[in-house]
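Biologist: I would like a close look at a single part of this protein. Please pick one helix, and tell me how it sits against the rest.

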Amino acid sequence: QKHQPLNGYVSLSQSSDASDDSDCSLADVLPGPSVHDPVNQVISSEELRGLKVCLTELLSPLESEVLHHYLQGCSYERIAGAVGRDCKTVDNALQRIKRKIDVHLESRRVLQ
């Protein structure tokens, strides 16, 4: 019975009901990606703009610099060398950044 899943598949290209004469297939019924939906693009850009404002207003200069290096993919050691602090300071700054972002996102969720 190892081939049972293959034998009982549902085709995405054939109509969902054999007795139905419509040309509607399962692939036509399933929702596609919403990446190109203009409404989602506007909402995403507004969310991103709000997050950028939040970060510029709430983060200290050290936190901003640490975040910049972190988003570039730098390791904690490399960030520590770039900002002239130790790794524990970098870790603490990243934890504060995460808390501030969480608070911001929670406040946005309540407004929606």
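Modeller: One cut-off comes first: a residue counts as exposed when its relative accessible area is over 50%, as buried when that value is under 20%, and as partly exposed in between. Keep in mind that this is a predicted model.

Start with the whole protein. Its secondary structure comes to six helices and zero strands. Along the sequence, the pattern reads α-α-α-α-α-α. The protein has 112 residues, and buried ones make up 18% of them. About 8800 Å² is exposed, with 55% of that supplied by carbon and sulfur atoms. Now take the contacts in the protein with a separation of 6 or more: 38% of these join residues 24 or more positions apart.

The part I pick is α4. This helix covers residues 61-71, and Glu63 is found in it. The buried residues of α4 are Leu62, Glu63, Val66, Leu67 and His69. Looking down the axis of α4, these buried residues fall within an arc of 165 degrees, so they line one face of the helix. Pro61 and Leu71 are exposed on the other side of α4. Just after the helix comes Gly73, with a positive phi of about 95 degrees.

Follow Val66 next. The largest nonpolar core has 13 residues, and Val66 and Val90 touch the most other members. Three elements give two or more residues to this core: α4, α5 (76-83) and α6 (87-111). The largest share is that of α6, with four residues. Val90 touches Val66, Tyr76, Ile79, Ala80 and Val83, if residues up to four places away in sequence are not counted. As a general point, nonpolar side chains in soluble globular proteins tend to be buried together.

The buried face of α4 also holds Glu63, which has an acidic side chain. Its relative accessibility is 2%, so Glu63 counts as buried. What does Glu63 contact, leaving aside its neighbours within four places in sequence? Leu58, Ala93, Arg96, Ile97 and Lys100 are the residues in contact with it. Two of these names matter for charge. Side chains of opposite charge can pair when their charged atoms come close.

Take Arg96 first. Its side chain meets that of Glu63 in a salt bridge, 2.6 Å from N to O. Arg96 lies in α6 and Glu63 in α4, so this pair ties together parts that are 33 residues apart in sequence. Arg96 itself is partly exposed, because its relative accessibility is 30%.

Lys100 comes next. The side chains of Lys100 and Glu63 also meet in a salt bridge, at 2.8 Å from N to O. Lys100 is in α6 as well, so its pair with Glu63 ties together parts 37 residues apart in sequence. At 25% relative accessibility, Lys100 counts as partly exposed. Glu63, Arg96 and Lys100 are thus linked in a network of salt bridges.

For contrast, step outside α4. The whole structure has four salt bridges. One of them joins Glu46 and Arg49, whose closest N and O atoms are 2.5 Å apart. Glu46 and Arg49 are three residues apart in helix α3 (residues 38-58), so about one helical turn separates them. Glu46 is partly exposed at 39% relative accessibility. Arg49 is partly exposed too, with a relative accessible area of 45%.

Terms used:
Residues numbered from 1 in each chain as written. Predicted model: local features only at pLDDT ≥ 70, side-chain atom pairs only at ≥ 80, totals over all residues. Heavy atoms only, no water. Buried < 20%, exposed > 50% of the residue type's maximum accessible area, 1.4 Å probe, protein only. Contact = heavy atoms within 4.5 Å. Areas by Shrake-Rupley, 256 points an atom, 1.4 Å probe, with all protein chains shown as cover. Arc of directions from axis to C-beta. Core = buried A, V, L, I, M, F, W, Y, C linked by side-chain atoms within 4.5 Å.
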